[in-house]
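I opened this entry to look up the ligand site and the pocket. My notes are kept in the order of the look-ups.

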Amino acid sequence: MTEQSSWMKEALALIGEKIAAMLMESREDFLIPAEKVANVGIRNTLEHALLVLTNAGYTVIPVLDEESRLRGILSIPAIIRAVTGVEAFDFDKLGDITVEEVMTTEFPVLKEDFELEMVLHLLVQHAFICITDEDGVLQGIVTRSELLKGTNRVAHVFESMYDITKKEESPIER
Ligand code: 4BW
């Protein structure tokens, strides 16, 4: 798992203070709490995992251990790959392979005091970001759609809250 690192933080351009503050007002709204996040256990079989994914309607979900610590993420394509033979699928193997054998362990994870810049940056590449506490226990996820809802709100109300005047020379136009 890729932890939030200081060099990465510094590499990211800072979001304007006022916009960041407005977005962070919705912080609680865009964090889907762990109890509402579909997940599978590390020792579950792929057969069980496929049922959970199918019933939840998601393509990728977090993998947890017995102490609710985040251990990986599991996708439908990864399950299908695991039962793909040279010429055919062998779906009988679903009951013999565990989630742990197939899950992805390289993915970004942030702590509860995450920086907004970091989340925005990571969501370009990833559909959701897992948030954990210091012990690695899943606290929730931030998804693209929840953050977009927050961004949408800022786009609608920002100019009604602030007087904006164009600078003579904007750095963006240089
Ligand atoms: O069951 C669904 N309900 C709703 N309301 N929307 C869904 C559902 N399934 C898919 N969607 C939509 C969302 O807009 O399709 C997008 C892509 O789904 P995904 O990736 O490929 O399964 C969804 O975009 P999103 O809300 O920004 O979510 C991004 C990703 O975050 C999802 C899924 O991998 C994960 N995710 C979201 N909510 C989750 C969840 N994983 C577990 N539990 C949840 N509650």
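The entries below go from the ligand to its shell and then to the pocket.

**Entry 1: the model.** I am working with a predicted model.

**Entry 2: neighbours of the ligand.** I asked how many residues surround the ligand. The count is 15. I noted A38, G57, T59, V60 and S145 as the closest.

**Entry 3: polar contacts.** I looked at S145 again, this time for its side chain. An N or O atom there lies 2.6 Å from an oxygen atom of the ligand. I then turned to the nitrogen atoms of the ligand. For G57 the partner is a polar backbone atom, 3.0 Å from a ligand nitrogen. For Y58 the partner is an N or O atom in the side chain, and the distance to a ligand nitrogen is 3.4 Å. I also looked up the cover: on its own the ligand has 760 Å² of accessible area, and the protein covers 63% of this.

**Entry 4: make-up of the shell.** Which elements each supply at least two residues of the shell? I found strand 3 (60-64), strand 7 (138-143) and helix 8 (144-161). By class, I wrote down 9 nonpolar, 4 polar and 2 charged residues for the shell.

**Entry 5: the pocket.** Where does the ligand sit? I find it in the largest pocket. I noted a volume of about 460 Å³ for this pocket. Its lining holds 21 residues, and V60, A127, F128, I141 and T143 are the closest to the centre. Strand 3, strand 6 (128-132), strand 7 and helix 8 give two or more residues each to the lining. I marked strand 3 as giving the most, with 3 residues. The lining divides into 14 nonpolar, 4 polar and 3 charged residues.

**Entry 6: cross-check.** I compared my lists for V60. V60 is among the residues closest to the ligand, and V60 is also among those closest to the centre of the largest pocket.

Key: Residues are numbered from 1 along each chain as its sequence is written. This is a predicted model: local features need pLDDT of at least 70, side-chain atom pairs count only at pLDDT 80 or more; totals for chains, interfaces and linings use all residues. Side-chain values use heavy atoms; hydrogens and water are left out. A residue is near a molecule or strand if one of its heavy atoms lies within 4 Å of it. A polar contact is a pair of N or O atoms within 3.5 Å; within protein, one must be able to donate a hydrogen and the other to accept it, and residues adjacent in sequence count only if both atoms are side-chain atoms. Accessible areas come from the Shrake-Rupley method with a 1.4 Å probe; for residues, only the protein chains shown count as cover. On a 1 Å grid over the protein atoms alone, a cavity is a set of points where a 1.4 Å probe fits but cannot get out, and a pocket is an open set with protein on both sides within 12 Å along at least five of seven lines; lining residues have an atom within 4 Å of a point. A molecule sits in a cavity or pocket if more than half of its atoms lie within 2 Å of its grid points. Helices (H or I, at least four residues) and strands (E, at least two) are DSSP runs, numbered from the N terminus. Ala, Val, Leu, Ile, Met, Phe, Trp, Tyr, Cys and Pro count as nonpolar, Asp, Glu, Lys and Arg as charged, and the others, Gly among them, as polar. Grid points are joined across faces, edges and corners, and a volume is the space filled by probe spheres set on the points.
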